Amino acid sequence: MPKSSGYGLLIDYEYCTGCYSCQVACAQEYRWPAGMSGIRVIEVVERLPKDREYLVYLPFPTELCILCAPRTKKGLEPSCVKHCMAACIKYGKIEDLAKEMGKKPRMVLWSPRA
Amino acid sequence: MTENLEVVRTTTWSAGPGCHGGCGVLAYIKDGKLVKIEGDPEHPWNQGRLCARCLAMTQYVTHTERLTHPLKRIGQRGEGKWQQISWDEAFDLIEKKLGKIRDEFGPESVIFSMGTGRDIGPWICLLAYAYGSPNVMFALSGIACYSPRIAAVDTVQGDYCVLDASQWLPARYEDPRYKVPECIIVWGYNIPASCPDNVFGHWIIDLMKRGTKIIAIDPRLTWFASRAEVWLRLRPGTDGALAMGFLNVIINEGLYDREFVEKWTNSSHLVRSDTGKLLRESDLAKDGSPDNFVAWDTKRGAPVVWDSSNVEYRLSDVQPALEGSYEVNLFDGTRIPVKTVWSVFCEEVNRYPVERVSEITWVPKDDIIKAARLYARSKPASIHWGVPIDMTPAITPTVQAIAALWCITGNLDVPGGNVISRFAFDAVAYALPGAKGVIKLKSKEADKKRIGASRYGPLNRFIWRAHTDLALEQIFTEEPYPIKGMWIQTCNPVAGIGLDPKKWVEAIKKLDFVVAVDLFMTPTTQLADVVLPAATFLEKDGIRSWWVPLQSINKAISVGECKPDVEINFELAKRFDPDFRWKDIHELFDEIIKPSGMTFKELQEKGWAFPPEGHPSAPYHRFEKGLLRPDRKPGFQTPSGKVELYSSIREEWGLEPVAHYEEPPFTPISQPELYKKYPLILSTGRRSPAYFHSEHRNIPWLREIEPDPLVEIHPDTAESLHIGDGEWVWVENWMGRCKLKAKVTPIVPRWMVMATHGWWFPEKPAQEPHLFGVMESNVNQLIPMGFTGKDGLGAPIKHLLCRLYKVSGSEGTENA
């Protein structure tokens, strides 16, 4: 089994608004053609009791995500993190992000292929 | 990638992302070409963030379909046959053709048509006014985007205001002068997808993270609705009733700011019970001024004159009555009953008990009460609204009600409230509601022929545009004078801004000469005689003083022979106006930003600048400090100097002076017979993060986000109509039909569908009859022109009726 890079993305999906900046920022950074990107936004509308619903957008790092190694080597944030309009994506060491994850609900921590 | 890179710092403002701009960006240029664009981390507006449309600029600027040379039509109109010509040839041809129309029919016979504001207003006015035409037209029915809201707010309080998200303060949220709003009412506004009206949408997210609670008002389960403390799922078009319901709760529960009401509104002024008009000094004394109003002094038990020009009572030590009925003697000896404005206002408000409001709006009564209390008890609280407020015929009474909310709760021009928004440093390019700019029509005489100016009050006081619905009619009737030409810039009436688009096609074809300025061929440019290639924001110098900060737009690249709108219009304006007084565009920019004390070059070096505290364009509490009025007296720029809960301007126009609700023209309530045939409410125009109105369908990174024109339909409704997710359906009403793809989702209520707008297919054939397939899916075919409000503003765009049925076999394959 390949080892994790030890780095990941922490997504606060309470605040992700589905703006798709991450998806297009990634495509721009790596000049992917349409249909390819290192991160993709998923929409989930969950129906709840009493005729209510909750709308979630969730950025998902795809097989093309390399955690922006060329950028982070230079001390820059990954492109998706930098441009996220809601500032809801965080890059860092998985163990640090895991601690942060405990601070509030509605978070996911991704460890991409990288 | 880092080698030989030049980085240009600039400001977004269409074209490109298409939006209303304001974001600071860094453009990375290599060998004169854009290789990457990023948000500017030092810019206080977006703080390094950037939206999908701007991040897709590399696909936009060098797109293979980009117009890069002027084109002249060589076939029939719409036949799609073009010849490349030089700029000189294009300018000569336009000068000759438009010159001939001006000689034969007068300059007013050419309409200068624009789409949504952005960086075009001043430059289209520059050209139209140099040519001599007063007919600058925003091509939407009822001018129903933003201007009506500004005009209506100016009617109430003399200056516009917006959500205070600390945008006036360079240090933003950290500035000690700022307060995070405890609550924001997000009224008909969808965050992920839009930054309308010069507010960066995600500022509200920043505030939510800092503790702001949200009240969401929207028929759809928007992102905000999903996260709101209270979500009011109202029937589209009933916003006015809801606002009256809020006022009802707030006033009857005593949750308003009595001091503000007494001191800063015209609540104490008297209204004649015999005529229903404001009592004026001229009613009491023969030589009294009709501009002065009257209050009841409880101390003396007698009427007292409010001197509007001095913004004070004639007598000192007055104790004006807030409520009650009194009797006064007119100068002719007649004795008449009068009431205070506050009493009249409360009587109107009391016609909207929450039970009735619940019946009108379809919002549960308890939710209305809960929301009203939360808003009124939060200090500070703010209201941020979207375009649905404009997109109803009774826009002005609706705005009067909403503006009354922020006024009577003491949230006007306070930190974290609704803050008065003026152009940075009062640097104004052209006449807008509430501001007179550098670029002007030469004479008042020339303005007399402006279409609709003599008919609609707001068009003579706030909005210096031609009335769109009347203009379209006039093209056909030729009364009172013929329209012979059209200049169409940043504007796509056939696919986007035009309601009843087939009528627009017919109208454009009827004209003798049509010029279109755009970045790509569109369904509209296909109908022109000359098409000129415009530049993106990266290809131009410019200025932006829309609220704050004052910013420069700095040219980073050139593409083909494309020219910025301002340069195109400047060249032609010089040709049409022998008295044209600017040498070059930088000299024009210098004059516009002169109030800032900077030249354009100096501004470019700084990038952006904030007006200092104490400047009339910087907050807070300006009405107390005497910063709003030209005479520097405390108060507002209204006829009385006060916030007018009873509008003297509306009274002058012969319209209802007090906030109220009017049922829109095509609803289940106003059209019960039509509703039987068309049993679903049709709302249109929900925003997409991928597109700005009719733009960007040809940008691959954006098109993949939303490949097809969608109609959102509730799962239960879809099931009853045997419509599955992703199936093509016809959306139809008495006007026509369009073909959209069903997105089955519970985010819409069972009784409403939401149709996306602005659709055409750049991949389809350009020439007629195709026009890029625009009539297949353009939902505006279901919306009529000509149903504006009594004051000429607003249009029923968000609340029509329709029915849905599946597209049958062969019909469906075309788009699928």
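**Strand pairing, a helix crossing and the chain A–chain B interface**

In the hairpin formed by S2(A) and S3(A), 3 residues lie between the strands, and Lys50(A) takes a positive phi near 60°. The model described here is a predicted one, and this hairpin makes a convenient place to begin. Its two arms are strand S2 (residues 39-48) and strand S3 (residues 52-61) of chain A, which run antiparallel and are joined by 10 bridges. Within this ladder, Val44(A) has Val56(A) of S3(A) as its bridge partner. As a general point, strands of a sheet pair through backbone hydrogen bonds, in either a parallel or an antiparallel sense.

Chain B offers a sheet of its own. Here 3 strands are arranged as an open sheet in the order S1-S2-S3, with antiparallel pairing. Strand S1 (6-11) and strand S3 (33-39) of chain B each have a single partner strand and stand at the edges, so one side of each is left without a neighbour in the sheet. From one strand to the next, the twist averages 30°. The pairing of S1(B) with strand S2 (residues 24-30) of chain B is antiparallel and extends over 6 bridges. Along this pair, Thr10(B) stands opposite Val25(B), a residue of S2(B).

Further along chain B, attention turns to two helices. Two packed helices are described by the angle between their axes and by the distance between those axes. For helix H12 (residues 354-361) and helix H13 (residues 365-377) of chain B, the axes come within 8 Å and cross at roughly 110°. Angles of 65 to 115 degrees count as roughly perpendicular, and H12(B) and H13(B) are therefore roughly perpendicular to each other. The crossing in which H12(B) passes H13(B) is right-handed. On the H12(B) side, the contact is made by Val354(B), Glu355(B), Val357(B), Ser358(B) and Thr361(B), while H13(B) contributes Lys365(B), Ile368(B) and Ile369(B). By residue class, the contact of H12(B) with H13(B) comprises 4 nonpolar, 2 polar and 2 charged residues.

Finally, the two chains meet at an interface. In it, 39 residues of chain A are in contact with 42 residues of chain B. The area buried between chain A and chain B is about 3300 Å², and carbon and sulfur atoms give 54% of this area. Which three residues of chain A supply more of the area that it buries against chain B than any other three? They are Tyr15(A), Gln28(A) and Met85(A), which supply 22% of the area that chain A buries against chain B.

Notes: Residues are numbered from 1 along each chain as its sequence is written. Chains are lettered from A and ligands numbered from 1 in the order in which they are written. This is a predicted model: local features need pLDDT of at least 70, side-chain atom pairs count only at pLDDT 80 or more; totals for chains, interfaces and linings use all residues. Side-chain values use heavy atoms; hydrogens and water are left out. Axes are lines fitted to C-alpha atoms, for helices over the stretch in contact, and angles run from 0 to 180 degrees between N-to-C directions. Helices (H or I, at least four residues) and strands (E, at least two) are DSSP runs, numbered from the N terminus. Angles under 35 degrees count as roughly parallel, over 145 as roughly antiparallel, 65 to 115 as roughly perpendicular and the rest as oblique. A crossing is left-handed if the near helix is turned anticlockwise from the far one by less than a right angle, and right-handed if clockwise. Contact means heavy atoms within 4.5 Å. Ala, Val, Leu, Ile, Met, Phe, Trp, Tyr, Cys and Pro count as nonpolar, Asp, Glu, Lys and Arg as charged, and the others, Gly among them, as polar. Two strands pair if DSSP finds at least two bridges between them. Buried area is the accessible area (1.4 Å probe) that two parts lose on being put together, summed over both.
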